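Here's a quick walk through a model you may want to look over before using it. Have the viewer open alongside.

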Amino acid sequence: MTAADEPGVGATSSRMEEIASGLRSSRTSTFEAAVRAAVELGAEGDRLLAGLDGLRGWRPVVVVAALGEVDGPHGGAVLRRAIASRGRGTSDLRCAALLALAKREKASASAELSEAVGDADAAVRDYAVMSLAAVGDGRAWYAVLARLTATLGRTRKTEAGDDLSPVVLAVVYLLRHVGEDDGQAEAVVSLLRRRWSRLTDRERRWFGQHWPAVVPGSSGAGEPALPDPAALQRWLLDDPLFAGPVLV
């Protein structure tokens, strides 16, 4: 009996070919169904998704995002190449790749995430800080503090539609990695209180819920108690960007 004659082997091979064909389909519904099916395959799906090239429009962004949902030996290199891409029209791809790499590799992605904190693209910077806040190590602490200082140093005229504002994400990251005796906590508290008027209404509400002790006038003498960093991390990881599927 050959391998192809063994029960289930032929069906598995046929299914793989079907998914591979769907990933090349010009029909949106077929393509999206194939992406979902590839994610369900795990490591084999990682191989199929990482092997795609020549995709145009929004499809590379979807594929890169899907690589954040699977494990395997191939996708990490694809994501790093996407993060390193430059030029017109690459912002969405790079943002999706940062998020996907964070989901796949957790703290092991910190080097790439930290480098992107200083990127020229504002959206890339925001996704880098968000990903660091969710899973990153502490190596970018002072770079993120500088980014938060710059953000609160100017008047912002728009308000994000959810709680994932650049200010909130930066603070979550900083609080996850504050040192005990080096003045880091004091630096965050001082900055927020000095620039409290620069926060949006939604940001103030977030602090009132997650860190009420930092609200000016809310605490007595001494530095306010810090929130539980694990709880802040869970709050972010529960957001659909991290917890939800790439395609519904």
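This is a predicted model, and the protein chain averages a pLDDT of 92, with 92% of the residues scoring at least 70. The weak spot to know about is residues 1-11, where pLDDT stays under 50. For that stretch the model has four contacts beyond four places in sequence. Where pLDDT is low, the predicted coordinates shouldn't be read in detail.

On to the fold. The protein chain has 14 helices and zero strands, so reading along the sequence you just get α after α, as in α-α-α-α-α-α-α-α-α-α-α-α-α-α. Take the contacts between residues at least 6 apart in sequence: 67% of them join residues at least 24 apart.

Here are some whole-chain numbers to keep handy:

| Property of the protein chain | Value |
|---|---|
| C-alpha span along the principal axes | about 80 × 40 × 30 Å |
| Buried share of the 248 residues | 43% |
| Exposed area | about 12,600 Å² |
| Carbon and sulfur share of the exposed area | 51% |
| Distance between the centres of positive and negative side chains | 8 Å |

As for charge, the count is 30 positive and 32 negative side chains.

One backbone detail to check: which residue has a positive phi although it is not a glycine? That's Lys106, with a phi of about 55°. Lys106 sits in the loop between helix H6 (91-105) and helix H7 (110-116). Its relative accessible area is 44%, so Lys106 counts as partly exposed.

Conventions:
Residues are numbered from 1 along each chain as its sequence is written. Side-chain values use heavy atoms; hydrogens and water are left out. pLDDT is the predictor's confidence in each residue, from 0 to 100. Contact means heavy atoms within 4.5 Å. Helices (H or I, at least four residues) and strands (E, at least two) are DSSP runs, numbered from the N terminus. Buried means under 20% relative accessible area, exposed over 50%, partly exposed in between (1.4 Å probe, protein chains only). Accessible areas come from the Shrake-Rupley method with a 1.4 Å probe; for residues, only the protein chains shown count as cover. Lys and Arg count as positive and Asp and Glu as negative; His and the chain ends are not counted. The place of a charge is taken as NZ of Lys, CZ of Arg, CG of Asp or CD of Glu.
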